[in-house]
Amino acid sequence: MNKFWCLLFLAVPVLGVAAFAWAPGAGYWLPRDISDHGWQIDHLFYFVLTLTGAVFVATELALFWFAWKYDGRTNMQPVRFTHGSHDVEVLWTLAPAATLVFIAIYQMNAWADVKMRQPDVPVLAEVTARQFEWRIRYPGADGRFDTLDDVHVVNDLHVPVDRDILITLKSQDVLHSFFLPNLRIKQDAVPGMKIPVWFRARDVGEFDLVCAELCGWGHYKMKGRLTVQSASAFQQWLAETAAAQEATQEPEVEESE
Amino acid sequence: MSSPAVPHTHAGAAAAAPAMPVAKFLATYVFSRDHKVIGLQFLFSTLLWFIVGGLLALAVRWQLAFPWQGMPIVGRLLFSAEGNQISPEFYTMLFTMHATVMIFFVIIPILAGAFGNFLIPLMIGADDMAFPTLNMLSYWVMWPAFVLMTISFFVPGGASAAGWTGYPPLSVAHGAAPASQAGQTLWVLALVFVGISSMMGSVNYMTTIIQMRAPGMTMFRLPMTIWGMFITAVLQAFALPVLTAALFMQLLDRTVRTGFFIPEGLVINNEGVAAGGGQPLLWQHLFWFYSHPAVYIMILPAMGMVSDIISCFARKPLFGYKPMVYSICGIAGLGFIVWGHHMFMSGMNPALGAMFMVSTIMIALPSAVKTFNWLATLWGGKIQFTTPMLFAMSFVSMFIIGGLSGIFMAATPIDIFIHDTYFIVAHIHYVLFGGTAFGVFGGIYFWFPKMFGRMMNEFWGKVHFLLSFIFFNGTFFTMHLLGAGGFPRRLADPYHYATFRHLLGMNQFITYCALGMGAVQIIFAINLFYSIFRGPRCGRNPWHANSLEWLAPSPPGHGNFDVQPVVYRGPYEYSSPETTEDYYPQWQPPPAGQGEASHAQAQQHA
Ligand SMILES: [Cu+2]
Ligand SMILES: [Cu+2]
């Protein structure tokens, strides 16, 4: 029976690795990445996965093997009476310490790219989260916000492909989080703060905009859509939306009050 | 539980002396100042709440596997008005209260309150805590918390639904959430009482461990359990005031609109909110300044218990005792400068985020050292696969997974993607269920003989272990894959998004495993209660362990020890060449002529 328990502990690394080997092929994996910076995040994910995976397998195998070999029923050797070893402690303190410091330094650049090195471009849109929708405002033809020709849309964010996109993220009421899974972008929207968010999309298409911070009972349905399109299609959409808004100016103003 | 039993057993005596029983019963079992009774009171209260928290989790699982479908049986009782189905408001309340109950009513009080109370005086060789009355109060102050939290389920709007983290403005602005009514205020008040209880315990534990150790029991002869409890008490003492202050600020924001956490110009439900000038992020800083150390409050005692169990059943000294102690201290110290890792996406300055990233990654180091030392303790031993040992080994196995997955979210760029996804849910449950809860199960099986003078059933203990272990991994390992898919937490219906629709099947699998895991706890409950009354009686030291609690009678009477114990050595002298037995208790004097030094040391401390 003791060996059965050992095998149970062996099953942990075996099935753990098997699950991670099976999942990508079965469609349970990182969603498609269409951003310019996303590869850095995915690369770090794989890097940490490999590293932690190796430590996971090694330590779990050690647990299994020690349990198997030093099973009190079958191990006839006397117990190794030791309280520890200074050298070994130093080794397994310094080796992980070095690895951890390396991990810490290795990822700094990706973090700076996504959150600190803001591109020098005008703000494309202002996204204001509120319970339970995303209010989006483009500056319109004059390129300036807070003018009469600002273009308003709800839950429907359009951006041109292959451009540096800069967005200002705000919240009107509670916390929300602006999550674009396919662009590896996440940023909380905080009332009282204007937070810049930037990215660059490589592929055209329609993608989910998810609210990832609990914002109330309707949190689950705070769904937006991101449309990445060619520059010309984007301009055309913007012009059409502005024209449609012009035609229905009255109700639009009422609605936003 | 004991109230119906007592008049029964005392039936004969009661007839002879009718005046005595009620007052004496109250003093002995209810308002007892004996640390062992208080420990058991904590144990049974928290186990009851464990059931509540577990059922809340199963309801969450039901919705994620079968969204908007009528719940069988329970649904008809609870929400027949909504067609037996969970409403989004109710779902939000479910996960909020699951986490609140599990963290504040189960894990923290079961470790410090139940095991801390029961074990500290016994393991250091004291007759009781330093402040027995304060100790009694620390239990009874939990009751206002229990009552307030229970009431909150029944007030209009229901219990708190702002997440266990209670982030403002959602938790503060009344218009923002239906449950931001009395439910949230009661939540705040209940947590204040939990905090007072923890603080009373913390002061008592620190004083007791420093002042009341038996002669010869130096700090470096303390079992790891006591070190875990000691450092936990220190963490509580330094971190709790911050949480309490934050809770009072939230209370004032809610009741008299002080606006500590409310910025200017908030518009909720098309209505302006008057207060202003505050900052939502302030709450997050204060909350996590407590709640990150709380993660260690919720695991260090379990780490200590597991160290003791592993050394005992490997029949071998704990490998690297001092490095183990130092790494607990290291975790506690670093634990105070990593809280910002919960706020990488919060809008906090990204440069500050980078600083917190470095400290957070470094906190993995002491955890790694502990893991290596546990493994090295097994190496070269003679392992006995008892139920407590199986739970302790599974603690190590599961803590490896929970510790390693933490590195993903410590790495800020990866956290951008996995923050607020099921990857985090998997991580926290590997640490707190696979880690702490398994450690607690191990602790119950291990110290049960001391608590009740009887043994638990080994066979059913192992069945309980096996099934819990399988269902636990089926439930939570899979969640890593959900997280890799970006599957967000706290959504009542994630399948609303095309990105997550394909994850429904996996969620159903998880729910079946979770239901199985809940069901097999019945085995544990039956074993526990059956063994209290019918388990085979045991002697003082059924496991042949070394630490002082095994010197006391099982169960120990008032005052614990027959005579004042004297300590001659550390608690891990298993298979020592100095003796023919494979254990060498701390209280056993060395044979005449040998060990003069340690004997002299013992005298000196006396
Ligand atoms: Cu939301
Ligand atoms: Cu933390």
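A residue is called buried when its relative accessible area is under 20%. With that term in hand, the reader may turn to helix α4 of chain A, which spans residues 108–116 and has as its buried residues A110(A), W111(A), A112(A), V114(A) and K115(A). The model is a predicted one. In it, these buried residues of α4(A) pack against elements of both chains: within chain A, against α2 (38–69), β7 (185–189) and β8 (195–199), and within chain B, against α14 (350–362) and α17 (412–418).

From this helix the view can widen to chain A as a whole. Chain A contains 6 helices and 10 strands. Its radius of gyration is 26 Å, whereas the globule rule gives 18 Å for 257 residues; chain A is therefore more spread out than a compact globule. Along the principal axes, the C-alpha atoms of chain A occupy a box of roughly 90 × 35 × 35 Å. Of its 257 residues, 53% count as buried. When contacts between residues at least 6 apart in the sequence of chain A are considered, 65% of them join residues at least 24 apart. The accessible surface of chain A amounts to about 11,700 Å², and carbon and sulfur atoms account for 61% of that area. Chain A carries 21 positive and 31 negative charges, and the mean positions of the two sets lie 10 Å apart.

Two places in the loops of chain A deserve attention. One is the loop between β4 (156–160) and β5 (165–171), where D164(A) is located. With a relative accessible area of 35%, D164(A) is partly exposed. Beyond the residues up to four places away in sequence, D164(A) touches P119(A), V121(A), F199(A) and R200(A). Its separation from D203(A) is 39 residues along the sequence and 13 Å in space, taken from C-alpha to C-alpha. The other place is the loop between β1 (125–130) and β2 (133–138) of chain A, which holds F132(A). The peptide bond that joins Q131(A) and F132(A) is cis, with omega at about -10°.

Chain B is built from 21 helices and 2 strands. Its radius of gyration is 25 Å, close to the 25 Å that the globule rule gives for 606 residues, so chain B is as compact as a globular protein of that length. Its C-alpha atoms fill a box of roughly 85 × 65 × 45 Å along the principal axes. Of the 606 residues of chain B, 67% count as buried. Among the contacts in chain B with a separation of 6 or more, 78% involve residues 24 or more positions apart. Chain B exposes about 19,600 Å², with 69% supplied by carbon and sulfur atoms. The mean positions of its 24 positive and 20 negative charges are 6 Å apart.

Within chain B, helix α18 (residues 422–452) offers a closer look at a buried position, for T436(B) belongs to this helix. T436(B) counts as buried because its relative accessibility is 1%, under the cut-off of 20%. Apart from neighbours within four places in sequence, T436(B) is in contact with I107(B), L111(B), M298(B), I299(B), A302(B), F395(B) and V431(B).

The backbone of chain B has several further features in its loops. R257(B) lies in the loop between α10 (224–255) and β1 (267–268), and R315(B) lies in the loop between α12 (300–314) and α13 (321–334). R257(B) has a phi near 55°, a positive value in a residue other than glycine; for R315(B), phi is likewise positive and near 55°. R257(B) counts as exposed, at 52% relative accessibility, while R315(B) counts as buried, at 2%. A cis peptide bond leads from S554(B) to P555(B), with omega near -10°. P555(B) is found in the loop between α20 (504–534) and α21 (596–605) of chain B.

The cysteines complete the account. A search of the whole structure finds 0 disulfides over all chains. Why does C6(A) form no bond with the closest cysteine sulfur? That sulfur, in C312(B), is 18 Å from the sulfur of C6(A), which is too far for a bond. C6(A) is also buried, at 0% relative accessibility. C538(B) is likewise in no disulfide, and the cysteine sulfur nearest to it, that of C312(B), is 13 Å away. C538(B) is buried too, with a relative accessible area of 16%.

Notes. Residues are numbered from 1 along each chain as its sequence is written. Chains are lettered from A and ligands numbered from 1 in the order in which they are written. This is a predicted model: local features need pLDDT of at least 70, side-chain atom pairs count only at pLDDT 80 or more; totals for chains, interfaces and linings use all residues. Side-chain values use heavy atoms; hydrogens and water are left out. Helices (H or I, at least four residues) and strands (E, at least two) are DSSP runs, numbered from the N terminus. The radius of gyration is taken over C-alpha atoms; the globule rule is 2.2 Å times the number of residues to the power 0.38. Buried means under 20% relative accessible area, exposed over 50%, partly exposed in between (1.4 Å probe, protein chains only). Contact means heavy atoms within 4.5 Å. Accessible areas come from the Shrake-Rupley method with a 1.4 Å probe; for residues, only the protein chains shown count as cover. Lys and Arg count as positive and Asp and Glu as negative; His and the chain ends are not counted. The place of a charge is taken as NZ of Lys, CZ of Arg, CG of Asp or CD of Glu. A disulfide is a pair of cysteine sulfur atoms within 2.5 Å.
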